[in-house]
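Good morning, and thank you for coming. I would like to take you briefly through a surface patch and then a sheet.

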Amino acid sequence: MKSDIHPDYHEINIVMTDGTKFTTRSTWGKAGDTMTLDIDPKSHPAWTGGSARMLDAEGQVARFNKRFANLGIG
């Protein structure tokens with residue numbers, strides 16, 4: 001393996017949006033730096049399921065079905 005081509009892999013501190021902290025290893029920053037997250041699995045709707053709803057504004061599914069009903073599929 002070639003030497004001096006890999007980034008430094010060291011411990012950093014992570015602060016989640018709710019204030020919880022933990023230590024992990026990363027190539028980000030310098031050893032002992034603190035990364036404060038703006039979005040994390042505890043707060044982002046993609047992970048929490050917040051405001052998940054099917055977007056059928058103004059009957060888009062009905063309009064699609066009406067538009068393509070004559071194709072003979074299904």
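I begin at the surface, where F64, F68 and L71 make a nonpolar patch of about 320 Å². Patches here are made of residues with over 30% relative accessible area and no salt bridge, with like charges joined within 9 Å and nonpolar side chains (Val, Leu, Ile, Met, Phe, Trp, Tyr) within 5 Å. A salt bridge is a side-chain nitrogen of Lys or Arg within 4 Å of a carboxyl oxygen of Asp or Glu. Areas come from the Shrake-Rupley method with a 1.4 Å probe, and for residues only the protein chains shown count as cover.

This is a predicted model: local features need pLDDT of at least 70 and side-chain atom pairs pLDDT 80 or more, while totals for chains, interfaces and linings use all residues. Residues are numbered from 1 along each chain as its sequence is written, and side-chain values use heavy atoms, without hydrogens and water.

F68 lies in the segment after α2 (60-67); helices (H or I, at least four residues) and strands (E, at least two) are DSSP runs, numbered from the N terminus.

Let us turn to the sheet. Strands β1 (residues 10-15) and β2 (residues 21-26) run antiparallel, joined by six bridges; two strands pair if DSSP finds at least two bridges between them. H10 has S26 in β2 as its bridge partner, and V15 stands opposite K21. Five residues separate the two strands of this hairpin, and G19 in the turn has a positive phi of about 100 degrees.

The open sheet has three strands in the order β2-β1-β3, with mixed pairing. Because β2 and β3 (34-36) each have a single partner strand, one side of each is left without a neighbour in the sheet.
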